[in-house]
Structure formats: C-alpha cells, structure tokens
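Ready to practise reading a structure? Keep the model open beside you and try each task before you look at its solution.

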Amino acid sequence: MNATTISVAAYPLPADWRDFLALTKPRVMTLVVFTALCGMLAAPVAIDPVIGFTAILCIALGAGASGALNQWYEADIDAVMKRTAKRPLPAGRMDAQAALHFGVGLSAFSVLLMGLAVNWLSAAILLGSILFYVLIYTVWLKRRTPQNIVIGGAAGAFPPIIGWAAATGDVTALPLLLFGLIFLWTPPHFWALALFMKADYSAAGVPMLPVVAGERTTRTQIGLYTIAMAACAVAPWALGLAGDAYGLTAIVGSAIFAVLALRVATRTRGENDAMKPEKSLFAFSILYLFLLFGGLATDRLVFA
Ligand code: HEM
Ligand SMILES: CC(C)=CCC/C(C)=C/CC/C(C)=C/COP(=O)(O)OP(=O)(O)O
C-alpha cells in the first residue's frame, strides 16, 4: 500500500452538501411532505401562514432526519443492493459519525422547533414518526419479518395527522382515515417494487415478502390490500368528511389502481419477464397519493 492509499482510507474526503441532501431521501420525502401539507390544508381552521410554513418545514426536516438515521443504520445492506450501493455511506463518501450526528441533530431541531413554534401535540407525533421509522421499522422489523413494511409502514402514514394537528391542535376522524389510507397503500406500493427488486433484497438477506413467502403470496396480498385501501380511500367522501373533488379522484384513482393491481395479482412471472405491470403499479401508486391528497386540498382551497 503506498502513502496516497493510506491517507485516502484514513481521511475520507469531507462530504459535500449533495451527500447530506441524499441522506434525507429527498424524492420519497416530497410525497411525505405533500401529504402533510394537504392534511394541514384539509383542516377546517385558518392557520397563520408563518406557523403553517414552520410546521411543514419541521415535518420536512424531521422526515429527512429519519431518512439519514435509516441510512446510517443500513449502510451494510445498502452496500450489497444495486439500487442503494451508490448512497453516500456505502460508497464511502461520508463518515458514519457525520451521518449519525446530522440525523440526531436534525431530528431534535425539527421536534423542538415544532413544539415551540407550533404545538406540542404535532411535535409529539413528529417525534413518534421518526422513532417509528428508525427504531420499529429500520432497527427492529426490517431484517426480521416479511411483515416489516406492513407494521413499520405506519411511520409514513403519520404526516397528514401531523399536518392536521399542527393546524387544529387535535386529531379527528378525517386525519385518522387519511392515516388508514396511506397505511393500506404502503403494501401494494412497496411489494410491487419488491417483486421486480427481489434479487437485491435476496442478496442483502432482507426478508421481504417475495423473498420469504414467494411471488404468488405477494401478488395475492397486493390484491387484498388494494381492496381495503380503495374502501378506505372513498370513505372520507362517503362519510361527508371530504368534498367532491376528493371523492372523484378517490373513485377514479382507486379504480385505476385496482385494475393495475388486479393485473399484478393474477399474473405469473414469465422467463426474461420485464415486469412491466409491476413497474406500472409502483409508478401509479405514487401518482395516486399525489392525486388524492391534491383533491383533498382542492376542495378546501377552490370549492370551500
Ligand atoms: C415502509 C414503507 C415504505 C417502503 C419500504 C418504501 C420503499 C420504497 C422504495 C424501496 C422506493 C424506491 C426507490 C427509492 O429509494 O427511491 C420507494 C420509492 C418511493 N416511495 Fe416508498 N416506501 C414506503 C413508504 C412510502 C411512503 C409512506 C411514501 C410517501 C407517502 C413513499 C413515497 C415514495 C416515493 C415518492 C417514491 C419515488 C421516489 C423516486 O422517484 O425516486 N413511500 N419507496
Ligand atoms: C414525518 C416522518 C418522520 C416521516 C417518516 C417518513 C417515512 C417513514 C417514510 C417511509 C418511506 C421510506 C423512505 C421507505 C423506504 O424504505 P426503506 O428504508 O426500507 O428503503 P431503502 O431500501 O431505500 O433504504
């Protein structure tokens, strides 16, 4: 080993800001923040714009911090999976301590700012979501059970409740139904992807459902969760808790989702299969939540 190799190994280059941004999983977190914003806008109260902005900022920072802590803990499996191997930690561009300090510091900052500037109920739920994602999902369940994302996925369902609680100081039936919607959406969202990323999870030894229970079971589960999700999606409108823009997007969006999910649920992988139906379902799952939460906000902002 020559001198240059030793110095590079002992003193990795300082990570630049792009790596810190990558730690926060910005693309996934845009939808997390959007559902929180729409949960806040759906509340039947006028929130002060500065307080509202601060609440959304805190949710974005808290969600990003939880992503950083997730990546700090998972650097070993991220290094094995093709999709994640280029992340700052497995690629060796960032020191693990820096990621840990960033995640803990940002979590504490976001929760304290939420409590001091907005209210302590929303701060407590934000803290609960961060702890749920990091401790319950990442540390405890992900490497132990194929039900990891069913239970752990609840973390990602809290943001509309946090947005609502930031505006109103309470939690009522509508935010709880929105929680249920994201909770039931997570299995089809993730298992569609897990079907075409099975090899990655298998290589990393992560017991995702297609790896442990097989593709047939996973496809059936996708179908069943989709039915429950669609019922929960339409419920806010059917119960008179959300308006017609939401009702229309929920009915049409859920019908399209159901058709795509049915295709995935009833097919079998062929040889050299490009997994197009699974990729379409995964892509549409993201658009679906954007549309439904957009419909919810439209009812308040445009038709109220
Ligand atoms: C335990 C629950 C969940 C799991 C395991 C999961 C897993 C994944 C994975 C592996 C990806 C693919 C690629 C990537 O890293 O960019 C992904 C993409 C995505 N997820 Fe999830 N997800 C979950 C919940 C959620 C929730 C709650 C939301 C938002 C409400 C969400 C929003 C997204 C978005 C927007 C993308 C696309 C990102 C892109 O375009 O790169 N996910 N998800
Ligand atoms: C407000 C707040 C704290 C929200 C938390 C948001 C949250 C829990 C989002 C979950 C979505 C997510 C990034 C899953 C990735 O799964 P993974 O970690 O298994 O994916 P990976 O393989 O890409 O790391």
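Below are five exercises, each with a worked solution.

This is a predicted model, in which local features need pLDDT of at least 70, side-chain atom pairs count only at pLDDT 80 or more, and totals for chains, interfaces and linings use all residues. Residues are numbered from 1 along each chain as its sequence is written, while chains are lettered from A and ligands numbered from 1 in the order in which they are written.

**Exercise 1: Two domains**

Task: Find the bounds of the domains and describe the side of domain 1 that touches domain 2.

Solution:
- Step 1. Start with the bounds, which come from an automatic or database domain assignment. Domain 1 covers 15-171 and domain 2 covers 172-304.
- Step 2. Look at the spacing: taken over C-alpha atoms, the centres of domain 1 and domain 2 are separated by 21 Å.
- Step 3. Now take contacts, where two residues qualify if their C-beta atoms, placed from the backbone, lie within 7 Å. On this basis, 29 residues of domain 1 are in contact with 30 residues of domain 2.
- Step 4. Ask which elements take part. Helices (H or I, at least four residues) and strands (E, at least two) are DSSP runs, numbered from the N terminus. H3, H5, H8 and H9 each give two or more residues to the side of domain 1 that touches domain 2, and H3 gives the most, with seven residues.
- Step 5. Sort by class: Ala, Val, Leu, Ile, Met, Phe, Trp, Tyr, Cys and Pro count as nonpolar, Asp, Glu, Lys and Arg as charged, and the others, Gly among them, as polar. This side of domain 1 has 18 nonpolar, five polar and six charged residues.

**Exercise 2: An enclosed helix**

Task: Why is helix H9 said to be largely enclosed by the rest of the structure?

Solution:
- Step 1. Fix the term: a residue is buried if 20 or more other C-beta atoms lie within 10 Å of its own, exposed if 12 or fewer, and partly exposed in between, with C-beta atoms placed from the backbone.
- Step 2. Count along H9 (residues 159-168): nine of its ten residues are buried, so the helix is largely enclosed. Among them are Pro-159, Ile-162 and Trp-164.
- Step 3. Find the partners. The buried residues of H9 pack against helix H3 (26-42), helix H4 (49-73), helix H7 (120-141) and helix H10 (173-196).
- Step 4. Step past the end of the helix, where Gly-169 has a positive phi, near 80°.

**Exercise 3: The nonpolar core**

Task: Which residues have the most contacts inside the largest nonpolar core?

Solution:
- Step 1. A nonpolar core is a set of buried Ala, Val, Leu, Ile, Met, Phe, Trp, Tyr and Cys residues joined through C-beta atoms within 7 Å.
- Step 2. The largest one has 92 residues, and Met-40, Ile-59, Leu-126 and Ile-162 have the most contacts inside it. H10 gives the most to this core, with 14 residues, and the core draws at least three residues from each of domain 1 and domain 2.
- Step 3. Zoom in on Ile-59: leaving aside neighbours within four places in sequence, its contacts include Val-33, Leu-126 and Ile-162.

**Exercise 4: Two ligands**

Task: Which residues are closest to ligand 1, and which come nearest to ligand 2?

Solution:
- Step 1. Count a residue as near a molecule if its C-beta atom, placed from the backbone, lies within 6 Å of it.
- Step 2. Ligand 1 is surrounded by 17 residues, with Arg-27, Leu-31, Ile-149, Gly-153 and Gly-156 the closest. This shell divides into ten nonpolar, six polar and one charged. Domain 1 and domain 2 both give residues to the shell, so ligand 1 lies between them.
- Step 3. Ligand 2 has 20 residues around it, and Ala-63, Ser-129, Tyr-133, Ala-155 and Gly-156 come nearest. H4 gives the most to this shell, with six residues. By class, the shell has ten nonpolar, seven polar and three charged residues.

**Exercise 5: Positive phi in loops**

Task: Where does Lys-25 lie, and where does Met-275 lie?

Solution:
- Step 1. Recall the background: most residues other than glycine have a negative phi.
- Step 2. Lys-25 is not a glycine, yet its phi is positive, about 50°. Lys-25 is in the loop between helix H2 (17-23) and H3, and it is partly exposed, with 18 other C-beta atoms within 10 Å.
- Step 3. Met-275 also has a positive phi, near 55°. Met-275 lies in the loop between helix H14 (244-266) and H15, and it is partly exposed, with 19 other C-beta atoms within 10 Å.
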